[in-house]
Amino acid sequence: MRHFLTPSDFSKEEWRNLLDLAERIKNDPKRYAHVADGKKIATLFYEPSTRTRLSFETAMINLGGSVIGFHSADSSSVSKGESVADTIRIIGCFADICAMRHPKEGAPMVAASVSPIPVINAGDGGHQHPSQTLTDLFTIRSLKGRLEDLTIGICGDLKYGRTVHSLIRALSEYSGIRFVLISPQALRIPSYVREETLEKNSIPYQEVEKLEDVIGDLDILYMTRIQKERFFNEEEYNRLKDSYVLDMHKMDMAKKDMLVLHPLPRVNEIAPEVDNDPRAVYFKQVQYGVYARMALIMTLLNLEEPSC
Ligand code: CP
């Protein structure tokens, strides 16, 4: 049984297989409409979500399966004090696979350690969000044609942004990747990402504060929200919340084929005027996330690909 808790749970070859399967699904989704007939996914969300939960649920329904779950801790027996470990043992009696989001870093790992079914980390605190990364890599590969030889700018809250930590880990496996990390001093990447991924693998990167200084160098600009819910101090959040606003003035300084991604939700960091620029692909990214999660569910459940 496999779990998907961090990007490192799959080898580079397994990532390629997942992305190839997502591509085949995107090209002919109807062919996969019954591969998960009779299967159930449990979506256990202890923290709010729009995209990730509904994307997993849509993915399972598109595969012919069905969905159970809860969308807040308040609506489950967690509010009576039930532990994550007991919850997953119970859910294992009902479902074949589970996607779990939790505000505490490591909670899906605790669940996986006792789980009778595959557990997908759908975001744990400010730590990791690997299925978003699968979505991001699939979007980049589909629209750019490659995952190698790219200058990737990541802008915003690099300290608490779990999508950023997973993205850096996964992209570091590809040759010719260079990161430009754009954030206020107070929101730089955590030291474990710097030491265990970037420096350990000799990945070139630079850290800067001003987006305007580097936007012209980028092949991909990955914008992120300042993660209000992770701040201990509201004053500090208010000081940093509008550090970056991508507008058409800045887009004019970028390459004509630079792509703008964002895991969403956005607050103010991308002006609505950018939405109509063909380089803005963050809404397309959401659709690609469904194909990516269909591929992930098929892989973790060992579902056979239908014959042509
Ligand atoms: N990208 C993402 O995790 O969005 P949600 O919080 O809406 O799931």
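**Enclosed cavities in a predicted model**

**View 1. The second largest cavity and its lining.** About 30 Å³ of space lies in the second largest cavity of this predicted model. Its lining is made up of C155, G156, M223, T224, I226, K241, Y244 and E269, and by class these residues divide into four nonpolar, two polar and two charged.

**View 2. The cavities found in the whole structure.** When the whole structure is searched, two cavities of 30 Å³ or more are found. The largest cavity has a volume of about 70 Å³, while the second largest cavity holds about 30 Å³.

**View 3. Residues that line the largest cavity.** The lining of the largest cavity consists of R51, S55, Q132, T135, H262, P263, Y282, Q285, V286, G289 and R293. Two or more residues of this lining are given by each of helix 2 (51–62), helix 5 (130–144) and helix 10 (282–300), and the largest share, five residues, comes from helix 10. Sorted by class, the lining of the largest cavity comprises three nonpolar, six polar and two charged residues.

**View 4. The largest cavity in relation to the two domains.** Domain 1 (7–128 + 289–300) and domain 2 (131–285) each supply at least three residues to the lining of the largest cavity. Among the residues shown in this view are R51, S55, Q132 and T135, which line the largest cavity, as do H262 and P263, together with Y282, Q285, V286, G289 and R293.

Definitions and conventions
Residues are numbered from 1 along each chain as its sequence is written. This is a predicted model: local features need pLDDT of at least 70, side-chain atom pairs count only at pLDDT 80 or more; totals for chains, interfaces and linings use all residues. Side-chain values use heavy atoms; hydrogens and water are left out. On a 1 Å grid over the protein atoms alone, a cavity is a set of points where a 1.4 Å probe fits but cannot get out, and a pocket is an open set with protein on both sides within 12 Å along at least five of seven lines; lining residues have an atom within 4 Å of a point. Grid points are joined across faces, edges and corners, and a volume is the space filled by probe spheres set on the points. Helices (H or I, at least four residues) and strands (E, at least two) are DSSP runs, numbered from the N terminus. Ala, Val, Leu, Ile, Met, Phe, Trp, Tyr, Cys and Pro count as nonpolar, Asp, Glu, Lys and Arg as charged, and the others, Gly among them, as polar. Domain bounds come from an automatic or database domain assignment.
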